[in-house]
Protein chains: 2
Amino acid sequence: MAKPNIMVVDDEKNICELLRLYLEKEDFDVTIVNNGSDAIALIRQNQPSLVLLDIMMPVIDGWEVCRQVREFSSVPIIMLTAKGETFDKVMGLDLGADDYIVKPFDTKEVVARVKAVLRRSSSADTEGEVRYDKLTVNIVKYELCVDGKVIDTPPKELELLYHLAKNPNRVYTRDQLLDEVWGFEYFGDSRTVDVHVKRLREKLEGVSDQWSLKTVWGVGYKFEVKTP
Amino acid sequence: MAKPNIMVVDDEKNICELLRLYLEKEDFDVTIVNNGSDAIALIRQNQPSLVLLDIMMPVIDGWEVCRQVREFSSVPIIMLTAKGETFDKVMGLDLGADDYIVKPFDTKEVVARVKAVLRRSSSADTEGEVRYDKLTVNIVKYELCVDGKVIDTPPKELELLYHLAKNPNRVYTRDQLLDEVWGFEYFGDSRTVDVHVKRLREKLEGVSDQWSLKTVWGVGYKFEVKTP
DNA sequence: GCCTGATTTCACAGAATATTAAAAAAAAGA
DNA sequence: TCTTTTTTTTAATATTCTGTGAAATCAGGC
């Protein structure tokens, strides 16, 4: 299993670095963002495993970030709050936060809570799954779900889509895709990839404007996720 | 033995979190659901060890959830009731609840009752058993029960069905099944699996539309459970 | 606007996979 | 041991998927 990626969102840089220090020691990948709008864009793009989100931030505060993120993602979110905010206040607002931690916090506690929330959210149902607006690709169930409906999909197509969607916005050449999806010992025409992309596009067209299977002319293909 | 999984069903999120806190401290896995219909779907899918079920919920109340769950599962259920509901009122309705707790409750009491009900219900006759709508597979009794009738089933077939049904929706390749059901030292043709699946299908066809033994073309087989 | 090479699209043949029936082999029971 | 049941193998059939080449279309450079 790959390292979970934790995104830390806080405008105070020294707090970010402190968290990075402790989280990396526990073998998490850490991404730091210092403002709300960047956070929203990056969560959409990178699909982190968990977000640590400070409430008190200029321009867009943590509440608003949480609310907006919940419109497109169910990534676990832990709120970092000032002293005085009670459980009810933070969790009762129905913004979809998964836990909260009161500042000034004990770093051990943060790590413990991150692990607890991760444990909870990694249920058997979402194992091997990527989700975007109206799209779910699950490689354990071998199931493609478009707009709530399960679409019968041949294995190679599903594996290709999973691979691309798992790494959004990253361009792959046809040869890379043949290596990584078909297996490196496979020798075949790179037209093969085109045909599978075409067949996927038929299944996916017009479903959402949040993402698409894009051609990068002269290079290859990518699963593009829009950042509004 | 794996951690028991407790499902908490309550529309009040802070109560859920409180229960989670205490139950996780006692080394239970906790799943939280905030409404009745999700609860029914998830119980069907995940087969928790025990359900803590609030009666007062919007849309579908706890009584109705209990009644519907009992149509396909014998999972132990503890009802969470408002003050004033007497034992007779709650348990006398014959909806199949196993115990009840009056709100506001003492968390210690909840934990104690959960443990008590679990102890009771882990009796010899539900051990090693999976249940779905009109289907019970028991690996201890080596018994397959379809639509209330016991069906004579050879051991390998039963073991295969048990393995698949115990891990619903997950695809297994033929080789995985040979490893996990026949044993890893077994060397045989993977067509063997097909033949057993065919014979199981004969026994199971048309019994329920809630589940089925699905072929995943190019990959293997899965026991698929529909989420209504 | 025209040329060039890249991409899309299509249809079909052949490859790969799944189903089924039936026979052979193995195991269990009488 | 003989019979019965279960399991495995085999092989024929049915099904679905995959890759290919050729034509059509498109994007970008000149």
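A polar side-chain atom of A:Trp217 lies 3.4 Å from a sugar or linking oxygen of DNA strand D, and I count that as a polar contact, meaning a pair of N or O atoms within 3.5 Å, where within protein one must be able to donate a hydrogen and the other to accept it, and residues adjacent in sequence count only if both atoms are side-chain atoms. Please keep in mind that this is a predicted model, in which local features need pLDDT of at least 70 and side-chain atom pairs count only at pLDDT 80 or more, while totals for chains, interfaces and linings use all residues. Residues are numbered from 1 along each chain as its sequence is written, chains are lettered from A and ligands numbered from 1 in the order in which they are written, and side-chain values use heavy atoms, with hydrogens and water left out.

Staying with strand D, a polar side-chain atom of A:Trp182 is 3.1 Å from one of its phosphate oxygens, and a polar backbone atom of B:Asp189 is 3.0 Å from a phosphate oxygen of DNA strand D. How many residues surround this strand? There are 24, and among the closest are A:Tyr186 and B:Trp182, where near means that a heavy atom of the residue lies within 4 Å of the strand. Of the strand's atoms within 4 Å of the protein, 69% belong to sugar or phosphate, and the rest to bases. The largest share of this surface, 5 residues, comes from α8 of chain B, helices being DSSP runs of H or I with at least four residues and strands being runs of E with at least two, numbered from the N terminus.

Let me turn to salt bridges, each a side-chain nitrogen of Lys or Arg within 4 Å of a carboxyl oxygen of Asp or Glu, of which the whole structure has 27 over all chains. One of them joins B:Lys222 and A:Glu143 at 3.9 Å, N to O, and this pair crosses between chains, from strand β12 of chain B to strand β8 of chain A. Are these two residues buried or exposed? Both B:Lys222 and A:Glu143 are buried, which means under 20% relative accessible area, whereas exposed means over 50% and partly exposed lies in between (1.4 Å probe, protein chains only).

Finally, B:Arg20 and B:Glu24 meet in a salt bridge at 3.5 Å, and both lie in helix α1 of chain B, 4 residues apart, about one turn of the helix. B:Arg20 counts as buried because its relative accessibility is 8%, while B:Glu24, at 23%, is partly exposed.
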